[in-house]
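Thanks for making the time; I would like to go through the empty spaces in this model and then the helix packing around them. Please keep the structure open while I talk.

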Amino acid sequence: MFEAIYTSYIVQKQSKIVYRDRWIANVLLLAEQLLGSRWFTSIFGGYKKAFLTRLAKKLQEDSFAFSHNIAQERDLRPNLFRQKYFDRSLPIIFSGAAKNWPCCQKWDLDYFSSNYGKSDLLLVDSQGLTTHDKNDGFQFLSVNELVSSIRESKDQYLRFSPLLHEHPELAQDLDLAWLREMAGSKTFANTYYMFMGGDGHKTLLHADQPCNLYVQVYGEKKWTMFLPEDSVCLYPQVTNTAYVKSPINLKQPDYEKYPLLKHARLFEAHLKPGDVMYIPPHVWHQVENIGPTIAVGYRFSSLKAALRSSVTFSLLRLLSTNPPIWKTREYGKVDTNLIWAHAAGRIQEVLKLRELRRKGNRS
């Protein structure tokens, strides 16, 4: 197992990838974004392969990077949070910060089934997030149908749902003042996303731009994360969308195919009900449910935080065209899953069916 290879909980502060090698890797990523995969492979494919082989050989005598648990704090004031973590682009768990919030006192599968059972949900499969294979599937279902699926251990997993925006009373079950104070005043595109799924459901290894205060409401989740400085070790694949994906399967890592992986510093977190975790921009993460879970992501954008974390990944996001950033903002105000539908070429079909279902629910 991947976790067993890493020595537990010794913090290694410096990346093994020196600045020059990170710079080359980042230039190659930007070149692939600008040129497109076909032209990039034709012009720079050989150089990239030789560079990765040379880098792996340079590090081959080095040991595996250590893994360590993400720092946990209680009653951390906003100014100290920004000094110790936000300004340094480091994740942090606010242990039990939300345990007394109404959401953690009353939300469970029965609560949503009883009170919001007929609410319509959109689920979109997205390559790099839900599967390593090319997949453009989507489905609409009700909250009742989702809850039944979770209880029957089926595959449906609700990600990035705008349920809290559609039912503002749900957002009142969060401590909105605390979340906004932690986010700070110099942020924009502040949104709430609902996550609900069953045991073993995963969101695969990827990196995206928004800052995220993730509230674990019900059940538990395991997070595996890597810092942007170690991105080359994860063999990032440019998607020209709102995220960058990795082809690596963390459960069964192939060190012959991806030898740099063992040199990436690994962070782990086990979130329990009432925990809140801050995930900085461009931090790689894979998430796995431990039993049925409900969570809320309070996501917000900060240009300063994004650039501080990774200028390269910020440029990749700015230059993405599938969909372009202005269209992403437009979709995000309605349902983030529309972004994945656009990327898969199914957006018109999804929008048409969404409108038909909403008309049916109103009639």
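The second largest cavity has a volume of about 100 Å³, and I should say at once that the model it was computed from is a predicted one. Its lining is made up of 15 residues, and those closest to the cavity centre are Y243, V244, F313, L316 and R317. As for where the lining comes from, two or more residues are supplied by each of β8, β10 (243-245) and α12 (311-319), with α12 holding the largest share, three residues. If we sort that lining by class, we get seven nonpolar, six polar and two charged residues.

Turning to the cavities in general, how many are there of 30 Å³ or more? The count comes to four. In the largest cavity there is about 150 Å³ of space, lined by 16 residues, of which F195, N212, W223, H285 and R299 are the closest to the centre. This lining draws at least two residues from each of β8 (202-208), β9 (211-226) and β13 (284-301), and β9 is the element that gives the most, with four. Its composition is nine nonpolar, four polar and three charged residues.

Now to the pockets. The volume of the largest pocket is about 810 Å³, and of the 35 residues that line it, A25, N26, L29, S231 and V232 are the closest to its centre. The elements giving two or more residues here are α2, α3, α11 (303-309) and α12. Which of them gives the most to the lining? That is α2, with ten residues. By class, the lining of this largest pocket has 21 nonpolar, seven polar and seven charged residues.

The second largest pocket holds about 670 Å³ of space, and its lining has 29 residues, the closest to the centre being P210, S301, R317, T328 and R329. R317, you will recall, was also among the residues closest to the centre of the second largest cavity. Two or more residues of this pocket lining come from each of β7 (188-197), β13, α11, α12, α13 (325-332) and α14 (337-343), and the largest share, five residues, is that of α12. Sorted by class, the lining has 16 nonpolar, eight polar and five charged residues.

Since α2 gives the most to the lining of the largest pocket, let me look at how this helix packs, beginning with α12. The axes of α2 and α12 come within 10 Å and cross at roughly 5°, which makes α2 roughly parallel to α12, an angle under 35 degrees being counted that way. On the α2 side the contact uses N26, L29, L30, Q33 and L34, and on the α12 side T312, F313, L315, L316 and L319. The residues of this contact divide into seven nonpolar and three polar, with no charged ones. N26 and L29 appear here as well as among the residues closest to the centre of the largest pocket, while F313 and L316 are also among those closest to the centre of the second largest cavity.

What is the arrangement of α2 with respect to α3? The axes of α2 (residues 19-35) and α3 (residues 37-59) come within 10 Å and cross at roughly 160°, and because angles over 145 degrees count as roughly antiparallel, that is how these two helices are described. Their crossing is left-handed. From α2 the contact takes in D21, I24, A25, L28, A31, E32 and L35, and these meet S37, W39, F40, I43, F44, Y47, K48, F51, L55 and K58 of α3. Twelve residues of this contact are nonpolar, one is polar and four are charged.

The last helix pair is α6 (residues 109-116) with α7 (residues 143-151), whose axes come within 9 Å and cross at roughly 155°. These helices are therefore roughly antiparallel to each other, and the crossing of α6 and α7 is left-handed. The contact is formed by L109, D110, F112, S113 and Y116 on α6, together with V143, N144, V147, I150 and R151 on α7. In terms of class, there are six nonpolar, two polar and two charged residues in it.

Notes
Residues are numbered from 1 along each chain as its sequence is written. This is a predicted model: local features need pLDDT of at least 70, side-chain atom pairs count only at pLDDT 80 or more; totals for chains, interfaces and linings use all residues. Side-chain values use heavy atoms; hydrogens and water are left out. Axes are lines fitted to C-alpha atoms, for helices over the stretch in contact, and angles run from 0 to 180 degrees between N-to-C directions. Angles under 35 degrees count as roughly parallel, over 145 as roughly antiparallel, 65 to 115 as roughly perpendicular and the rest as oblique. A crossing is left-handed if the near helix is turned anticlockwise from the far one by less than a right angle, and right-handed if clockwise. Contact means heavy atoms within 4.5 Å. Ala, Val, Leu, Ile, Met, Phe, Trp, Tyr, Cys and Pro count as nonpolar, Asp, Glu, Lys and Arg as charged, and the others, Gly among them, as polar. On a 1 Å grid over the protein atoms alone, a cavity is a set of points where a 1.4 Å probe fits but cannot get out, and a pocket is an open set with protein on both sides within 12 Å along at least five of seven lines; lining residues have an atom within 4 Å of a point. Grid points are joined across faces, edges and corners, and a volume is the space filled by probe spheres set on the points.
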